[in-house]
Amino acid sequence: MSKVIRAVNVSKTFKVGAETVTAVDNISFEVERGEIFGIIGLSGAGKSTLVRTLNLLERPTSGQIFINDTDLTRAGIKDLRLARRKIGMIFQHFNLLMQRNIIDNVCFPMEIQKIKRRDALERAYKLLEVVGLSDKAKAYPSQLSGGQKQRVAIARALASNPEIILCDEATSALDPQTTRSVLDLLRKINEELGITIIVITHEMSVVRDICNRVLVLENGAVAENSTVDELFKHPRSQAAKDLLLIRNVDDKRRAI
Ligand SMILES: Nc1ncnc2c1ncn2[C@@H]1O[C@H](COP(=O)(O)OP(=O)(O)OP(=O)(O)O)[C@@H](O)[C@H]1O
Ligand SMILES: [Mg+2]
């Protein structure tokens with residue numbers, strides 16, 4: 001299988017006053033086309049910073065990011081724009097435009113790409129069907145539940161026909177049942193459209209539910225890179241053991 005994403009010795013540091021914070025510390029990993037790939041770690045482990053380097057929203061301090069063999073760190077503005085179009089993104093707080101209705105939120109990326117209004121609308125309605133929200137086209141974000149807003153964000157991410165979708169804590173603001181339905185939708189998109197999905201989370205249950213493979217981060221570095229089965233059966237790193245322990249405590253709390 002071809003590698004759709006390849007990160008090679010990626011580091012990202014921030015200057016904070018006189019200090020230098022290392023958010024991502026020499027990370028390398030590869031993602032195969034069609035995978036659902038998890039990135040997990042405690043708060044501050046570097047997950048968001050790492051994922052933002054993948055589309056160069058955050059330029060790595062050193063190292064390289066290859067998307068389909070194009071090195072984004074060396075790409076010119078035009079190639080970078082084309083590569084970014086292939087990478088959709090969804091976030092914990094949805095980031096919808098509150099003053100636009102749902103159909104116009106989904107049309108937004110197509111407007112930027114200067115796609116004709118009629119074609120954009122046609123595609124947006126199809127995408128609302130994919131995410132099960134055809135009846136909400138004219139509603140405004142404030143009129144939707146969290147799960148529905150995330151579905152709109154997924155439809156918007158699909159609008160530019162991405163090969164990859166990056167999900168940064170996409171279900172962290174949702175209750176367990178809604179989380180499950182959003183994860184089911186992501187799995188459907190992965191299976192039916194063949195889109196590679198990167199899932200960033202601090203919840204082991206999310207990893208268990210949809211990921212094939214997972215990268216465990218600790219203090220900006222890779223603690224473990226394995227299949228989900230291996231991670232649950234034989235966690236090797238302390239970071240993974242800690243995350244599994246937190247999951248068990250959460251499960252018990254829910255059971256009470
Ligand atoms: N723009 C920035 N300037 C300075 N430090 C930053 C910046 N962005 C991130 N950091 C630091 O880098 C580290 C990693 O942050 P990051 O947001 O990537 O963690 P995270 O794993 O996504 O955490 P969370 O689970 O809380 O979202 C943290 O110590 C954070 O304070
Ligand atoms: Mg984060």
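## The E1–E2 hairpin

In the hairpin built from E1 and E2, two residues sit between the strands, and Gly 17 takes a positive phi near 60 degrees. Keep in mind that this is a predicted model. The two strands run antiparallel and are joined by 10 bridges. One of the pairs to look up is Arg 6, whose bridge partner in E2 is Glu 30.

Right beside Glu 30 in the numbering comes Val 31, which also lies in strand E2. Is Val 31 buried or exposed? Val 31 has 23 other C-beta atoms within 10 Å, so it is buried; the cut-off for that label is 20 or more. Setting aside residues up to four places away in sequence, Val 31 touches Lys 3, Val 4, Ile 5, Phe 37, Thr 196 and Ile 198. Take Val 4 from that list: it is 27 residues from Val 31 in sequence, yet C-alpha to C-alpha the two are 5.9 Å apart in space.

## Around ligand 1

The hairpin strands turn up again at the ligand. Strand E1 (3-16), strand E2 (19-32) and helix H1 (47-54) each supply at least two residues of the shell around ligand 1. H1 gives the most, with three residues.

Which residues come nearest to ligand 1? Out of the 13 around it, those are Phe 14, Ala 23, Ser 43, Ser 48 and Thr 49. Sorted by class, the shell has seven polar residues, five nonpolar ones and one charged.

## The six-stranded sheet

Elsewhere in the model, six strands make an open sheet with mixed pairing, in the order E6-E7-E8-E3-E9-E10. Its edge strands are E6 (87-91) and E10 (221-227), each of which pairs on one side only. Ignoring direction, neighbouring strands in this sheet are turned by 15 degrees against each other on average.

At the E10 end, E9 (residues 213-218) and E10 run antiparallel, with six bridges joining them. If you want a pair to find your way by, Val 216 has Glu 224 in E10 as its bridge partner.

## Helix H5 and its surroundings

Now for the other edge. Helix H5 (residues 146-158) lies across E6 and strand E7 (164-168), and it runs at about 165 degrees to E6. H5 has 13 residues and reaches 18 Å from first C-alpha to last, close to the 18 Å expected at 1.5 Å a residue.

How many of the residues of H5 are buried? The count is 11 of the 13, so the helix is largely enclosed by the rest of the structure. Nonpolar-looking names such as Val 152, Ile 154 and Leu 158 are among the buried ones, but so are Lys 149, Arg 151 and Arg 156. What do the buried residues of H5 pack against? Their partners are E6 and E7, along with helix H3 (102-112), helix H4 (117-130) and helix H6 (176-193).

## Ile 90, seen from the strand

Ile 90 shows the H5 packing from the sheet side: its place is in strand E6. With 24 C-beta neighbours inside 10 Å, Ile 90 counts as buried. Leaving out neighbours within four places in sequence, its contacts include Gln 150, Ala 153, Ile 154 and Ala 157, and these four are buried residues of H5. The other contacts of Ile 90 are Ile 165, Cys 167 and Ala 170.

For contrast, take Ala 139, which is 49 residues from Ile 90 along the chain. The C-alpha atoms of Ile 90 and Ala 139 are separated by 20 Å.

Conventions
Residues numbered from 1 in each chain as written. Chains lettered and ligands numbered in written order. Predicted model: local features only at pLDDT ≥ 70, side-chain atom pairs only at ≥ 80, totals over all residues. Pairing = 2+ DSSP bridges. Axes fitted to C-alpha atoms, helices over the stretch in contact; angles between N-to-C directions. Contact = placed C-beta atoms within 7 Å. Near = placed C-beta within 6 Å. Nonpolar A, V, L, I, M, F, W, Y, C, P; charged D, E, K, R; others polar. Expected span 1.5 Å × (residues − 1). Buried ≥ 20, exposed ≤ 12 C-beta atoms within 10 Å, placed from the backbone.
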